[in-house]
Amino acid sequence: RVLARIVDRSFRVCERKGFDAVEPDNLDSWTRSRGLLQRADAVAYSRLLVRRAHARGLAIAQKNAVSLAQRRGVVGWDFAVAEECQVYRECDRFTRAYGGAVIEIEYHDAGGRANFEQQV
């Protein structure tokens with residue numbers, strides 16, 4: 001709850017500036033926490049962020065963390081931002097959960113592993 005209040009400060013700025021949506025990062029922090037956080041913590045935290053964003057009239061994206069995509073209905077994300085989903089072969093998992101509501105970001109420095117002509 002403390003972190004959600006801190007992030008909500010950024011949401012407030014976004015609301016004031018007329019943004020349509022936000023995409024909080026590091027939803028997969030549990031994977032690097034050495035057991036201090038669990039996947040359930042990421043879901044609970046995301047639900048708090050979704051409520052705060054929606055209360056401000058902002059859409060909110062799931063950013064990366066493809067293993068959480070099947071929790072879209074529980075959490076309430078509006079769309080997904082998928083960085084390098086082609087490189088990591090995750091695009092289909094995002095589109096199964098979000099249909100066409102996926103913003104795909106592929107980087108040119110990915111060593112040529114992404115097919116920039118393919119559309120998700």
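Here are a few friendly notes on this predicted model, to help you find your way around it.

1. The sheet is a good place to start. Four strands form an open sheet in the order E1-E2-E3-E4, and their pairing is parallel. Strand E1 (21–22) and strand E4 (102–105) are at the edges; each has a single partner strand, so one side of each has no neighbour in the sheet.

2. Next, look at how E3 meets E4. Strand E3 covers residues 79–83 and runs parallel to E4, with four bridges joining the two. If you would like a landmark here, find alanine 80, which stands opposite valine 102 in E4.

3. Now turn to strand E2 (residues 59–63), where you will find glutamine 62. Is glutamine 62 buried or exposed? Its relative accessible area is 0%, and because buried means under 20%, glutamine 62 counts as buried. A polar atom of the glutamine 62 side chain lies 2.7 Å from the backbone oxygen of alanine 65. Leaving aside residues up to four places away in sequence, glutamine 62 touches several others, including Leu27, Trp77, Phe79, Ala80 and Tyr98. Alanine 80, the landmark from the previous point, is thus one of the residues that glutamine 62 touches.

4. How many salt bridges does a search of the whole structure find? There are seven. One of them joins aspartate 8 to arginine 56, with the closest N and O atoms 2.9 Å apart. Aspartate 8 is in helix H1, while arginine 56 is in the loop between helix H2 (39–55) and E2, so this pair links distant parts of the chain, 48 residues apart. Both aspartate 8 and arginine 56 are buried.

5. Arginine 56 has a salt bridge with glutamate 15 as well, where the closest N and O atoms are 2.7 Å apart. Because glutamate 15 lies in helix H1 and arginine 56 in the loop between H2 and E2, the pair ties together parts 41 residues apart in sequence. Glutamate 15 is partly exposed, at a relative accessible area of 36%.

6. For another salt bridge, see aspartate 28 and arginine 32, whose closest N and O atoms are 3.0 Å apart. Aspartate 28 is partly exposed at 24% relative accessible area, and arginine 32 is partly exposed at 48%. Elsewhere, salt bridges with shared partners join Asp8, Glu15, Arg52 and Arg56 into one network.

7. Finally, a look at the surface: Val2, Leu3 and Ile6 make a nonpolar patch of about 280 Å². Isoleucine 6 belongs to helix H1 (residues 2–16) and counts as partly exposed, with 40% relative accessibility.

Key
Residues are numbered from 1 along each chain as its sequence is written. This is a predicted model: local features need pLDDT of at least 70, side-chain atom pairs count only at pLDDT 80 or more; totals for chains, interfaces and linings use all residues. Side-chain values use heavy atoms; hydrogens and water are left out. Patches are made of residues with over 30% relative accessible area and no salt bridge: like charges are joined within 9 Å, nonpolar side chains (Val, Leu, Ile, Met, Phe, Trp, Tyr) within 5 Å. Accessible areas come from the Shrake-Rupley method with a 1.4 Å probe; for residues, only the protein chains shown count as cover. A salt bridge is a side-chain nitrogen of Lys or Arg within 4 Å of a carboxyl oxygen of Asp or Glu. Buried means under 20% relative accessible area, exposed over 50%, partly exposed in between (1.4 Å probe, protein chains only). A polar contact is a pair of N or O atoms within 3.5 Å; within protein, one must be able to donate a hydrogen and the other to accept it, and residues adjacent in sequence count only if both atoms are side-chain atoms. Contact means heavy atoms within 4.5 Å. Two strands pair if DSSP finds at least two bridges between them.
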